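Colleague: I am new to reading models like this one. Could you take me slowly through one part, starting from a single residue and working outwards?

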Amino acid sequence: MSEPAAEPVPGGASNPVIELRHASVGYGQRPVVRDVDLRIEAGEVVALVGPNGSGKTTIVRAILGLAPVVDGEVRLFGVPADDFHERWRIGYVPQRHTVVGAIPSTVEEVVASGRLPRKRWYVPTTAADRRVVGQAIEVVGLGDRRRTPVATLSGGQQRRVLIARALAAEPQVLVMDEPTAGVDAANAESLTRTLAHLVGDGLTMLVVTHDVTPLAPILTRVIALADGRIVGDEPAAIALSDRSRLGLAAYAHPGHDPHHAAAGRTGRPDDPVRSPGPGWLGDPGLPGTRARD
Amino acid sequence: MEILGYDFMQRALLAALLVGLTAPVVGVYLVQRRLALIGDGIGHIALTGVALGLLTGAAPVLVALACSVAGAVAIEVVRARGRASADVALAIMFYGGIAGGVVLIGLSSHGTPANLSAYLFGAITTTTVADLVVFAILAVVVLTVTVGLSRWLFAVSNDEEFARASGMHVLGLNVLLASLTAATVVISMRIVGLLLISALMIIPNAVAQVTAASFRSSVWTAVAVGVVVSVVGTGVSFYADTPSGGTIVLLAIAVFLAAVALSWARSALHARRQHDVDDHRHEHGPGCGHEAVLHGDHLDYVHDGHRHAAHGAHYDDH
């Protein structure tokens, strides 16, 4: 690891939004993830790469409180995960091609369910809630499909619905599991533009991925996992300029042109693509919309 | 109408109305979670409760309520705990509910085959005024809670993992939904019967699945179907002298089949006649790849062998 093991930082020079300290995660005798130290600072865009079974998704699930931490500690915004009750601050986009429910539901209905973490159960939905939900749908480019049943959308569009659902809580961190898996190159590129837009507005991201290529323009850091341990951790500019360093070439999406993956956009372009349109929840009239550390 | 002249039919029709209203509203979340058979299992467990009530001489409806709510909560806890063994554990609970019910009813002094059959499959003559009062109270409670918490029940049913990651009280909401299901089973026990009740929670929502375009409209569709088949089925059962539960459920299945046929016909027709902009994901324009043909005051675009002209939100075929 390039960083020293996590020591408490007196004076608050560093203030990680996500921190794993000697964390082991999993079930039974042999945890999937063993003794991992990881710090993610506000504003970082981190890719978590590694072969199947290396523990990428397990780390994410531990952060989200979905997998048991059997040893060590997970801290979120400086608070031990068990005592962290503002789960809305971490938006979750699961690894799933489709939205799951069996009853027809519109884009708006599914995205609105992502607003609930910000609500108390007895408080009715307000006009401000609807506006945030509408903006989240707008940001992912589904503004003209609010009333469309989700099941009739393409896989890439359904992925956008799940991203919008996570955004509806106005999170400060977005945790995504394989957002570009099963999405064709053109759609992955436009997804990256959407994400670049969110990064530009200050969102921190942790992305589990097999394929760093489509996300290359926005990544700031790449962490490689193998067999439940961190085996590489480098700034994206370095990791992406020499892909053999973290074995990244091995994770290129099979659907992508190999030349593109090997020799194409290495390193970060000077200017990440920004999509036009309204600033992400930049409406000053909404309380708490810009709340972040 | 002569049917309304009988006190027992008035009670039966009122009970049917309450069943038709509540069962689909609760069932929509079971279908959404793909747990359509859980309602069936709770019905099985409720049979033991009914039998206990008969045997002890206490009010069978209230004992059934207590028993099925306890069973429903147990089901949720079993589901939340284990993964591998939960399936078999649930099956054993369901069998145990039926077996216990049948044996206990056999032991009681009311244990005639006709009585058992009425509990299992519903009968229009059995609803008492006291039953009706309990049913009405339960229906109000179930509807109030379900509608009041609909946003949360939707979120948890739609994606339990996301709900958990967002910090929602998933287990609490699941136990609540199971309890609501149990209460609905009890409301249905006179008219529809414990073996058929889950049909009325599920089939109206299956109709909604093939006809509705949103969750909200699904609920309304399901409630409409539920009320109509319950009330009409009860009436048919009076005239045709058939068990009410079976009649209602067959009627619901008929509506479902009609809805499926209708949606097939509609989509076939829709595909032939008119393509929406929505379906095309494409606006015709210069260089769009489709041949443009001047047609009076506008351009038509040749597409799949016919010509399109933009007209508001859709294309007319010219």
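**A loop residue and its surroundings**

Modeller: Let's start with A:Phe77, which is partly exposed because 17 other C-beta atoms lie within 10 Å. (A residue is buried with 20 or more other C-beta atoms within 10 Å of its own, exposed with 12 or fewer, and partly exposed in between; the C-beta atoms are placed from the backbone.) Keep in mind that this is a predicted model, in which local features need pLDDT of at least 70 and side-chain atom pairs count only at pLDDT 80 or more, while totals for chains, interfaces and linings use all residues. Residues are numbered from 1 along each chain as its sequence is written, and chains are lettered from A and ligands numbered from 1 in the order in which they are written.

What catches the eye at A:Phe77 is its backbone: phi is positive, about 50 degrees, although the residue is not a glycine. You will find A:Phe77 in the loop between strand 4 (69-76) and strand 5 (79-80) of chain A. (Strands, E with at least two residues, and helices, H or I with at least four, are DSSP runs numbered from the N terminus.)

Now step out to the sheet. Strand 4 and strand 5 belong to an open sheet of 4 strands in chain A, with the order 2-1-4-5 and antiparallel pairing. (Two strands pair if DSSP finds at least two bridges between them.) Strand 2 and strand 5 of chain A are the edge strands, each pairing on one side only.

Strand 4 of chain A is joined to strand 1 of chain A by 6 bridges, and the two run antiparallel. Two residue pairs help you trace this: A:Ile18 stands opposite A:Leu76 in strand 4, and A:Glu19 has A:Arg75 of strand 4 as its bridge partner. Strand 1 (residues 16-25) also pairs with strand 2 (residues 33-41) of chain A, again antiparallel and over 6 bridges. Here A:Pro16 stands opposite A:Glu41 in strand 2.

A helix completes this picture. Helix 1 (residues 56-63) of chain A lies across strand 1, strand 2 and strand 4, running at about 115 degrees to strand 1. (Axes are lines fitted to C-alpha atoms, for helices over the stretch in contact, and angles run from 0 to 180 degrees between N-to-C directions; two residues are in contact if their C-beta atoms, placed from the backbone, lie within 7 Å.)

Let's turn to another loop in chain A. A:Asp227 sits between strand 9 and strand 10, and its phi is near 50 degrees, a positive value in a residue other than glycine. A:Asp227 counts as partly exposed because it has 13 C-beta neighbours inside 10 Å.

The strands on either side of A:Asp227, strand 9 (residues 221-226) and strand 10 of chain A, run antiparallel and are joined by 6 bridges. One place to look is A:Ala224, which stands opposite A:Gly232 in strand 10. Both strands belong to an open sheet of 6 strands in chain A, ordered 6-7-8-3-9-10, with mixed pairing. Strand 6 (90-93) and strand 10 (229-235) each have a single partner strand, so one side of each is left without a neighbour in the sheet. From one strand to the next, the twist averages 15 degrees. Helix 4 (residues 155-167) of chain A lies across strand 6 and strand 7 (173-177), at about 165 degrees to strand 6.

How far should you trust what you see? Chain A has a mean pLDDT of 80, and 77% of its residues reach 70 or more. (pLDDT is the predictor's confidence in each residue, from 0 to 100.) Residues 1-12 of chain A stay under 50, and the model has 12 contacts for them beyond four places in sequence. Residues 252-293 of chain A are also below 50, with 62 contacts in the model beyond near neighbours in sequence. Where pLDDT is low, the predicted coordinates should not be read in detail.

Finally, chain A has a partner. The contact between the chains takes 23 residues from chain A and 27 residues from chain B. On the side of chain B that touches chain A, helix 7 of chain B gives the largest share, 6 residues.
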